[in-house]
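Student: Please take a close look at one part of this structure, the cysteine pairing, and go on from there to the surroundings. I would like one connected account, with the criteria for each term.

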Amino acid sequence: MKRFLLLLPLLVASHSTLAEQIEVEYKRFYSHVSKIGDESTSALQFAFGFMHVRNKALCHINSATIVTQKVDLPLAVSPEQRFLVPKEKALKLADAAIVIDLDEPANLCDMSVQLETTAEYVKKQYSSAELALIKAQYDTFFDDMGGFLSFMMPAVSGLKIQFADKSLNQTLAGAPPIINGTLILDNDWLEQGNALDLPAAPLRITAVAED
């Protein structure tokens with residue numbers, strides 16, 4: 001099983017092979033965010049970061065800024081070193097770029113694209129309807145991406161709830177246990193229509209997918 005996570009080779013303009021500041025065309029981000037946002041995927045978002053090619057940890061981002069000919073728009077970077085990008089066709093048409101200032105050399109950081117739930121669905125308590133909605137939206141995304149080749153896409157086999165405390169181990173009433181900061185809710189559990197009470201708000205909910 002694996003969560004939906006894309007690692008893309010980083011094709012950027014940088015000032016030197018050891019430069020810490022990189023520039024990525026906005027349209028590369030738009031190609032992702034334009035795939036979600038309608039009613040059937042409104043609970044989902046893409047979070048972007050840069051994965052270190054050697055230690056597989058997220059590279060530290062000092063700042064991320066959308067740059068156009070007329071204005072610079074700073075982007076908020078999470079403590080986990082990811083940021084969100086607005087879906088604005090005008091930025092694509094304006095040939096905007098996103099400038100990222102990294103601690104690590106640019107040639108050691110590849111773009112990491114993660115599909116996750118929006119902030120609205122990151123909380124301590126979930127009704128069975130909310131969990132069903134999140135699962136249905138992941139199903140819709142994978143089905144839409146597969147199109148007539150949907151049989152080649154991974155199937156969503158459950159939801160993965162991740163906590164900031166990676167050492168968190170806790171038994172939950174009426175649900176699988178949290179192990180090492182992760183809670184897996186498989187389809188069998190979700191189909192029972194259970195509500196869920198968590199000890200803390202998680203970092204995110206992603207899809208568990210299997211080929």
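**The disulfide and its surroundings**

Tutor: Cys59 and Cys109 are joined by a disulfide, with an S to S distance of 2.1 Å; the term covers a pair of cysteine sulfur atoms within 2.5 Å. The model is predicted, so local features need pLDDT of at least 70 and side-chain atom pairs count only at pLDDT 80 or more, while totals for chains, interfaces and linings use all residues. Residues are numbered from 1 along each chain as its sequence is written, and side-chain values use heavy atoms, with hydrogens and water left out.

The structure holds one disulfide. The link of Cys59 and Cys109 is left-handed, with -105 degrees about the S-S bond. Cys59 sits in the loop between β5 (44–52) and β6 (61–67), and Cys109 in strand β9 (residues 109–117), so the bond ties together parts that are 50 residues apart in sequence. Helices (H or I, at least four residues) and strands (E, at least two) are DSSP runs, numbered from the N terminus. Cys59 is buried, at 0% relative accessibility, and Cys109 is also buried, with a relative accessible area of 0%. Buried means under 20% relative accessible area, exposed over 50%, and partly exposed in between, with a 1.4 Å probe and protein chains only.

The loop between β5 and β6 also holds Leu58. At 21% relative accessibility, Leu58 counts as partly exposed. Its C-alpha atom is 6.5 Å from that of Gln81, a residue 23 positions away along the chain.

Another residue to follow is Glu80, in the loop between β7 and α2. Glu80 is partly exposed, with a relative accessible area of 29%. Its C-alpha lies 9.1 Å from that of Ala164, although Glu80 and Ala164 are 84 residues apart in sequence. The side chain of Glu80 meets that of Arg204 in a salt bridge (2.0 Å, N to O). The criterion for a salt bridge is a side-chain nitrogen of Lys or Arg within 4 Å of a carboxyl oxygen of Asp or Glu. Arg204 belongs to strand β16 (residues 204–210), whereas Glu80 lies in the loop between β7 (72–75) and α2 (89–93), so this pair ties together parts that are 124 residues apart in sequence.

Arg204 has a second partner, for it also forms a salt bridge with Glu116 (3.0 Å, N to O). Glu116 lies in strand β9 and Arg204 in strand β16, so their pairing ties together parts that are 88 residues apart in sequence. Strand β9 is also the strand of Cys109. Both Glu116 and Arg204 are buried, with Arg204 at 3% relative accessibility. Glu80, Glu116 and Arg204 are thus linked in a network of salt bridges.

A search of the whole structure finds four salt bridges. Among them is the pair Lys135 and Asp139, whose side chains meet at 2.8 Å, N to O. Both residues lie in helix α3 (residues 128–146), four residues apart, about one turn of the helix. Lys135 counts as buried at 16% relative accessibility, and Asp139 as partly exposed at 25%.

Acidic residues also occur in a surface group: Asp38, Glu39, Asp143 and Asp144 form a negative patch. Patches are made of residues with over 30% relative accessible area and no salt bridge, with like charges joined within 9 Å and nonpolar side chains (Val, Leu, Ile, Met, Phe, Trp, Tyr) within 5 Å. Accessible areas come from the Shrake-Rupley method with a 1.4 Å probe, and for residues only the protein chains shown count as cover. Lys and Arg count as positive and Asp and Glu as negative, while His and the chain ends are not counted; each charge is placed at NZ of Lys, CZ of Arg, CG of Asp or CD of Glu. Within this patch, Glu39 lies in the loop between α1 (26–33) and β5. At 75% relative accessibility, Glu39 is exposed.

Two backbone features remain. Asp95 has a phi near 55 degrees, a positive value in a residue other than glycine. It is found in the loop between α2 and β8 (97–102), and is exposed at 66% relative accessibility. Asn180, also not a glycine, has a positive phi near 50 degrees. Its place is the loop between β13 (175–178) and β14 (182–186).
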